[in-house]
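Trainee: Please take me through one part of this protein slowly. I would like a close look at one helix and the loop before it, and then a walk outward to the rest.

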Amino acid sequence: MKKVDVILGLQWGDEGKGKVVDVLTPRYEVVARFQGGPNAGHTLEFDGEKYVLRSIPSGIFQGGKTNIIGNGVVLDAILFRAEAEELAKSGHDLTRQLCISKKAHLILPTHRILDAAYEAAKGSAKIGTTGKGIGPTYTDKVSRNGMRVGDLLSPDFRAIYAAAKARHEAILRSLGYAYDIAELEAQWFDAVEYLKRFRIIDSEYFVNGALDEGRSVLAEGAQGTLLDVDFGSYPFVTSSNTVCAGVCTGLGVAPRRIGEVFGIFKAYCTRVGSGPFPTELFDETGDRLCTLGHEFGAVTGRKRRCGWLDMVALKYSIMINGVTQLIMMKSDVMNDFETIKVATAYRIDGRLTEEFPYETAAEIEPVYTELEGWRCDLRSCRRYDEFPEAFRRYVEFIERETGVPVKIISVGPDRDETIVR
Ligand code: GDP
Ligand code: IMO
Ligand code: MG
């Protein structure tokens, strides 16, 4: 029985999912996004060009594959149009390669404004969202007030929109939040007409049908496990299930149809937005990771917070997702480091633990294991046995700690800078 393989982030997002999906796509016939929305920024580099995708799956550049925006995704017609037109300019015919689920929810202009208004109302407890309306759109979905892509095809479309807008405006008035929506709304109505040019499908039938016919499917996660609404560092999370279970609800595939689970992580850690980050570095080393790793958000341009690899969090993410293979990214960023630290336990209130705690706001003191740096350039390595011994020790340490093999190692942003073991 063909199964859906899954690739998802094990940290706080931006692990390099876009790059690896692009690298793995030749093995698959269908690539599907199952959650999240344009809060994602997935970067791909090849042939000297760089692309950032937000809602469109990262399989789009490997010709002839079907790419699906699944029902679990929330879609902003305006941002989708900008993204699709940009790709069309570089010669990609998306109308043939891309399908959108009827059941994906639409981000309305007022959702974006609500996102800003709720953040403003939180004062110093801000989540630091991407401001793309993600939370309010998922809130409407769950409260059964959402508008879906399939509604665009309904004769009642304008009435459904007007009812949603009226509801949102009442909330904005109660929050005393000033806004001007006219221009955004005009753009949105144009953009939904553009959206209708794409194949709007029952993606659950498409995906299951593809599997029945023996075609291979790769599910592409957005964000990361520690931003999952159930298992992340709540409330500093996104509003979807970023974990493997999200593939079942976000594409309509049964749990027994999940195959390989590729868990992707950086050789260190980053986080953008607020919330706990036990191994965060506030010193020169943190700045070095940020500078050498170009750690600025692909969507918002915000500086990413940086720190050492956190094995407690990594093992937690591996457990939640049932990861079968690990993929380590951005190893090259630490090329010049003399020593490298990895947190292997936390000390909380004087007590040692290897579990990711419920109360992440508590003072967590990471307990570090120190490893020797490799102090050489990994970017030219193309085979595992070309890596220096100290680097191989780092990889094997992670494998020993997690019990999961590291099957792919990335040593640079380009498609070619990837070692598959
Ligand atoms: P995603 O959201 O998980 O797809 O990751 P992002 O694209 O937001 O962030 C990852 C960043 O790291 C991008 O700028 C990539 O081009 C870059 N990148 C990916 N892999 C590597 C790598 O192995 N080394 C280096 N130096 N950069 C990488
Ligand atoms: P990719 O797919 C990193 C973070 C935001 C914020 C929190 C909630 O590129 O890895 P939201 O707008 O979702 O309500 O914001 O989640 N966040 C991300 N951080 N990478 C992402 O996506 C993210 N998407 C959301 O910074 O802290
Ligand atoms: Mg990103």
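Mentor: Begin with a definition. A residue counts as buried when its relative accessible area is under 20%, and as exposed when that area is over 50%. Keep in mind that this is a predicted model.

Now look at α1. This helix covers residues 17–24. Is it mostly covered or mostly open? It is mostly covered: seven of its eight residues are buried. Those buried residues are Lys17, Gly18, Lys19, Val20, Val21, Asp22 and Leu24.

Step back into the loop before the helix. Aspartate 14 sits there, between β1 and α1. Its backbone is unusual to look at: phi is positive, about 60°, although the residue is not a glycine. Aspartate 14 also has a partner in holding a metal. Which protein residues are donors to the magnesium ion, ligand 3? They are Asp14, through OD, and Gly41, through its O atom. Both lie 2.0 to 2.2 Å from the ion. The two donors come from distant parts of the chain, 27 residues apart. Glycine 41 belongs to the loop between β2 (30–33) and β3 (42–46). Its relative accessible area is 10%, which is under 20%, so glycine 41 is buried.

Aspartate 14 has a counterpart in backbone shape. Histidine 294 also shows a positive phi, about 50°, and is not a glycine. Find it in the loop between α10 (284–292) and β13 (305–307). Histidine 294 is exposed, because its relative accessible area of 61% is over 50%. Another loop has a different backbone feature. The peptide bond from tyrosine 234 to proline 235 is cis, with omega near 5°. Proline 235 lies between β10 (217–220) and α9 (245–251).

Next, two other helices. Helix α2 (residues 77–89) packs against α7 at an angle of about 60°, and their axes are 8 Å apart. That angle makes α2 oblique to α7. The crossing is left-handed.

Helix α7 leads us to the rings. The structure holds 18 aromatic pairs. One of them joins tyrosine 161 and phenylalanine 189. The ring centres are 4.9 Å apart, with 75° between the planes. Why is the pair called edge-to-face? Because planes over 60 degrees apart are given that name. Tyrosine 161 is in helix α6 (residues 157–175) and phenylalanine 189 in helix α7 (residues 182–195), so the pair ties together parts that are 28 residues apart in sequence. Both residues are buried.

Further along the chain, rings gather. Trp374, Tyr384, Phe387, Phe391 and Tyr394 form one aromatic cluster. Tyrosine 384 has a charged neighbour too: arginine 421 lies over its face, 3.8 Å from the ring centre. A similar arrangement involves arginine 288, whose charged end sits over the ring of phenylalanine 337, 4.3 Å from the centre.

End the walk at glutamate 363. It is in the loop between β17 (351–353) and β18 (364–372). Its relative accessible area is 67%, so glutamate 363 is exposed. Measure along the chain to cysteine 99 and you count 264 residues. In space the two are 46 Å apart, C-alpha to C-alpha.

Methods
Residues numbered from 1 in each chain as written. Chains lettered and ligands numbered in written order. Predicted model: local features only at pLDDT ≥ 70, side-chain atom pairs only at ≥ 80, totals over all residues. Heavy atoms only, no water. Donors = N, O, S within 2.8 Å, 3.2 Å for Na, K, Ca; no water. Helix = DSSP H or I, 4+ residues; strand = E, 2+ residues; numbered from the N terminus. Buried < 20%, exposed > 50% of the residue type's maximum accessible area, 1.4 Å probe, protein only. Phe/Tyr/Trp six-rings, centres within 6.5 Å; stacked < 30°, edge-to-face > 60°. Lys NZ or Arg CZ within 6 Å of the ring centre and 35° of its normal. Axes fitted to C-alpha atoms, helices over the stretch in contact; angles between N-to-C directions. Parallel < 35°, antiparallel > 145°, perpendicular 65-115°, else oblique. Left-handed = near helix turned anticlockwise from the far one by under 90°.
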